[in-house]
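Let's take a walk through this model, one piece at a time. Keep the 3D view open and turn it as you read.

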Amino acid sequence: DHKILYASDASGIADIYEISHSGGDVRQLTSNGQRNYGPAVSLDNRYVVFHSNRSGRFQIWRVDRDGASPKQLTFGGESTWPTITSDSKWVVYQHFEANTPHSLWRVPIDGGTPEQLTQDLSIRSTISPDGKLIAFWYNDQKGDSRWRLRVAQVENGATVNTFDVAQTV
């Protein structure tokens, strides 16, 4: 719909906004919710997901595309940086619990039981346009291991490929 969604804390509180691609028509989509970051729009344009600490800790929330009807999708630990599968059925996000590394999980976009996708330290995922693959940063935390990029199947988390990156990354 030629809109760009973004988070801004220019007002002192981080909220989600949309702006037309030409730079006008700014509209605030979230409010009264503490800090809201990382918006992602479903390809069917029905929902926006983001992470917010409105419930005390960062969790994944969903709102209708117009910002109405907020719904918390994750509970416990901390969950951040959501992405949505191309079929708009799943929200993939990074999750952290005490004494465990960040890992990738998914939850149905309508809410439900989350499923863990990765075991190793895994963050900041993105999903392929066909919805079959997910790419993310990972680190196996062995010795001096470095961050790498991994590509895995969305359905079961099985590794398709791993890419080394420069040590400075």
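Start with strand S14, residues 148-153, which runs antiparallel to S15 and is joined to it by five bridges. To get your bearings in this predicted model, look for Val 151, which stands opposite Asn 161 in S15.

Now zoom out a little. S14 and S15 belong to an open sheet of four strands, ordered S12-S13-S14-S15 and paired in antiparallel fashion. The edges are strand S12 (121-127) and strand S15 (159-164), each of them pairing on one side only. Ignoring direction, neighbouring strands here are turned by 25° against each other on average.

Edge strand S12 also takes us to the next stop, the largest pocket. At least two residues of that pocket's lining come from S12, and the same goes for strand S4 (36-41) and strand S8 (78-84). The space inside comes to about 250 Å³. Of the 18 residues that line the pocket, Ala 40, Pro 82, Thr 83, Ile 84 and Thr 126 lie nearest its centre. What is the make-up of the lining, in nonpolar, polar and charged residues? There are nine nonpolar residues, eight polar ones and one charged.

Let's finish on strand S8, where you'll find Thr 80. Is Thr 80 buried or exposed? Its relative accessibility is 13%, and because the cut-off for buried is under 20%, Thr 80 counts as buried. As for its company, leaving aside residues up to four places away in sequence, Thr 80 touches His 51, Phe 58, Ile 60, Tyr 93 and Gln 94.

Technical notes: Residues are numbered from 1 along each chain as its sequence is written. This is a predicted model: local features need pLDDT of at least 70, side-chain atom pairs count only at pLDDT 80 or more; totals for chains, interfaces and linings use all residues. Side-chain values use heavy atoms; hydrogens and water are left out. Two strands pair if DSSP finds at least two bridges between them. Axes are lines fitted to C-alpha atoms, for helices over the stretch in contact, and angles run from 0 to 180 degrees between N-to-C directions. On a 1 Å grid over the protein atoms alone, a cavity is a set of points where a 1.4 Å probe fits but cannot get out, and a pocket is an open set with protein on both sides within 12 Å along at least five of seven lines; lining residues have an atom within 4 Å of a point. Grid points are joined across faces, edges and corners, and a volume is the space filled by probe spheres set on the points. Ala, Val, Leu, Ile, Met, Phe, Trp, Tyr, Cys and Pro count as nonpolar, Asp, Glu, Lys and Arg as charged, and the others, Gly among them, as polar. Buried means under 20% relative accessible area, exposed over 50%, partly exposed in between (1.4 Å probe, protein chains only). Contact means heavy atoms within 4.5 Å.
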